[in-house]
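Me: Please take a close look at a single part of this model and describe how that part is built into its surroundings.

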Amino acid sequence: MSLIMLVDDDADMIKLTERWIVKAGHETICATSGPEALDMLKAAKPDLIVLDYAMSGMDGPAVFRALAADDATKDIPVIFRTGIEDSESETILKELSPAGVISKAEGRTGLLRIINDVMKRHPEK
């Protein structure tokens, strides 16, 4: 069983996603903002982070950069989950090079597939 952190500023999206992940046999911790996630990571080290790209305040790319800059969190794989599909976002995601990227439109099946794929590529987690 893996511990997966969900970071999204949409509380309804967190609840739905958390249900899917728990039913798939994983544990979750949830944050509704980038700063909250970074604070929670001082006490918990998840095996994977599913991070919303567009959040108010501190967006997903800023959270990702903060994770990458911290020795305690830089090795945690991150999957960006986004509803934005524009060339600027695609360029930023290519530069960041997360463990995975998935559209929110792909729903439960797509999300669980990419989680399993990333976890297989990071067996130390």
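**Strand β4 and its neighbours**

Reply: This is a predicted model. In it, strand β4 (residues 78-82) pairs with strand β5 (residues 100-103) in the parallel sense over 4 bridges. Within that pairing, Phe-80 stands opposite Val-101 in β5. The link from β4 to β5 includes helix α4 (residues 87-96), and the three elements make a right-handed β-α-β unit.

β4 is also joined by 4 bridges to strand β3 (residues 48-52), and β3 and β4 run parallel. Here Phe-80 of β4 is the bridge partner of Leu-51. Between β3 and β4 the chain passes through helix α3 (residues 60-68), in a β-α-β crossover that is right-handed.

As for cover, 5 of the 5 residues of β4 are buried. Val-78, Phe-80 and Thr-82 point one way from the strand, while Ile-79 and Arg-81 point the other way; all are buried.

On the β3 side, Ile-49 gives a view of the packing, being a residue of strand β3. Its relative accessible area is 1%, under the 20% cut-off, so Ile-49 counts as buried. Among the residues that Ile-49 touches are Val-78 and Ile-79, along with Ile-76 and Pro-77. Further contacts of Ile-49 are Leu-41, Leu-67, Val-7 and Met-5. Met-5 lies 44 residues from Ile-49 along the chain, yet the C-alpha atoms of the two are separated by 4.7 Å.

How values were computed:
Residues numbered from 1 in each chain as written. Predicted model: local features only at pLDDT ≥ 70, side-chain atom pairs only at ≥ 80, totals over all residues. Heavy atoms only, no water. Buried < 20%, exposed > 50% of the residue type's maximum accessible area, 1.4 Å probe, protein only. Helix = DSSP H or I, 4+ residues; strand = E, 2+ residues; numbered from the N terminus. Pairing = 2+ DSSP bridges. Right-handed = clockwise from strand over helix to strand, strands pointing away. Contact = heavy atoms within 4.5 Å. Lists of a residue's contacts leave out its neighbours within four places in sequence.
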